[in-house]
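Me: Please take a close look at a single part of this structure. Set it in its surroundings, and keep the sentences short.

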Amino acid sequence: MGERKAYPSDLTDEQWAVVGPFLDAWKARHPSVSGHQGRYELREIVNSIFYQNRTGCQWAYLPHDLPPKSATYYYFALWRDDGTDQAIHDLLRCQAREKAGRREDPSAVVLDTQSVRAANHVPAATTGNDAGKKVHGRKRGLAVDALGLIIAVVVTAASVTDTVIGVRLLDKVVEYTPTVTRAWVDAGFKHDLGIHGALLGVDVEVVRRSDTTRGFVPIAKRWVVEQVNGTLMLHRRLAREYESRPESSVSRTLWASAANLVRRLTGTSTPSWR
């Protein structure tokens, strides 16, 4: 990391020991034709992505002692498009499950969506209006396991229904973790999702809240995904929709989750911006 002063979002030596082997293997598979090793260390590239995720700053406002936009965005977009961000996240998730005494892949997931307001520069073609929540922007769909670890992410216009997002989430869940046989959802997901789940071999169960209990009451089986949504909001880049492409929003979510996973695996923490 050189001689610069560390930021709270930087990977520690212990955390890099978890992430580094994945990226070292990636780099070994992608040698430069000219033999050039690159001006910036991959650890610093990840630190730059984590910094922007955590602070929400614009590309041009990355600190001068971190890799600049040109280098950081190059790797961010490359890893987004070739699936490296997904592969790193999934490997970290498997390690976290094993550390918790679980099997690598879960047997059940919880689905939920969250609408996020979009910034002015986000293309109108990829945004919409969530009439129920009165939010104009995009909608982030998550599928998480019982430990609150993300299995799949889908980002669409906020006008897309929860059921459509649920179908896409289940497709990804079955692709990534074919061991899943049960999914819990809230009442916003309609009957069509249950039919689609049955075709995939996944039993979809609607967990309804009580209409007689007053005040806030955490709902069993559904509450874990609400906790994940709250944790993601600590990464300010996700608190508002800034990305021009929905695929970049998915990648941002995976990197935020990866940052949480390395802290879970190493027993460390990052100071909150709150």
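Reply: Lys-27 has a relative accessible area of 29%, so it is partly exposed. Here buried means under 20% relative accessible area, exposed means over 50%, and partly exposed lies in between, with a 1.4 Å probe and protein chains only. The model is predicted: local features need pLDDT of at least 70, side-chain atom pairs need pLDDT 80 or more, and totals for chains, interfaces and linings use all residues. Residues are numbered from 1 along each chain as its sequence is written, and side-chain values use heavy atoms, without hydrogens or water.

Lys-27 sits in helix H1, residues 13-29. Helices (H or I, at least four residues) and strands (E, at least two) are DSSP runs numbered from the N terminus. From Lys-27 to Glu-226 the C-alpha distance is 36 Å, with their positions 199 residues apart in sequence.

Now the part for the close look: strand E3. This strand covers residues 135-144, and 9 of its 10 residues are buried, so the rest of the structure largely encloses E3. Which strands pair with E3 in the antiparallel sense? E1 is one of them, residues 108-117, with 8 bridges to E3. Pairing requires that DSSP finds at least two bridges between two strands. Thr-113 has Gly-141 of E3 as its bridge partner. E4, residues 150-157, is another antiparallel partner, with 7 bridges. In this pair, Arg-140 faces Val-155 of E4. E2, residues 128-130, also runs antiparallel to E3, and 3 bridges join the two. Gly-128 lies opposite Gly-137 of E3. In a regular strand, side chains alternate between the two faces of the sheet.

Two hairpins involve E3. The hairpin of E2 and E3 has 4 residues between its strands. Lys-134 lies in that loop. The phi of Lys-134 is positive, about 55°, although this residue is not a glycine. Most residues other than glycine have a negative phi. Lys-134 is exposed, because its relative accessibility is 64%. The hairpin of E3 and E4 has 5 residues between the strands, and Gly-148 in its turn has a positive phi of about 80°.

Arg-140 leads on to a cavity. The second largest cavity is lined by Arg-140, Arg-237, Leu-238, Arg-240, Glu-241, Tyr-242, Glu-243, Ser-249 and Arg-252. A cavity is a set of points, on a 1 Å grid over the protein atoms alone, where a 1.4 Å probe fits but cannot get out; lining residues have an atom within 4 Å of a point. The whole structure holds 2 cavities of 30 Å³ or more. The second largest has a volume of about 40 Å³. Points are joined across faces, edges and corners, and the volume is the space filled by probe spheres set on them. By class, its lining has 6 charged, 2 nonpolar and 1 polar residues. Asp, Glu, Lys and Arg count as charged; Ala, Val, Leu, Ile, Met, Phe, Trp, Tyr, Cys and Pro as nonpolar; the others, Gly among them, as polar.

His-235 lies in the loop between helix H7 (223-232) and helix H8 (246-266). His-235 is buried, at 2% relative accessible area.

Last, the cysteines. Cys-57 is buried at 14% relative accessibility, and Cys-94 is buried at 13%. With a disulfide defined as two cysteine sulfur atoms within 2.5 Å, the count is 0.

Conventions:
1 Å grid on protein atoms, 1.4 Å probe; cavity = no way out; pocket = protein on both sides within 12 Å on 5 of 7 lines; lining within 4 Å.
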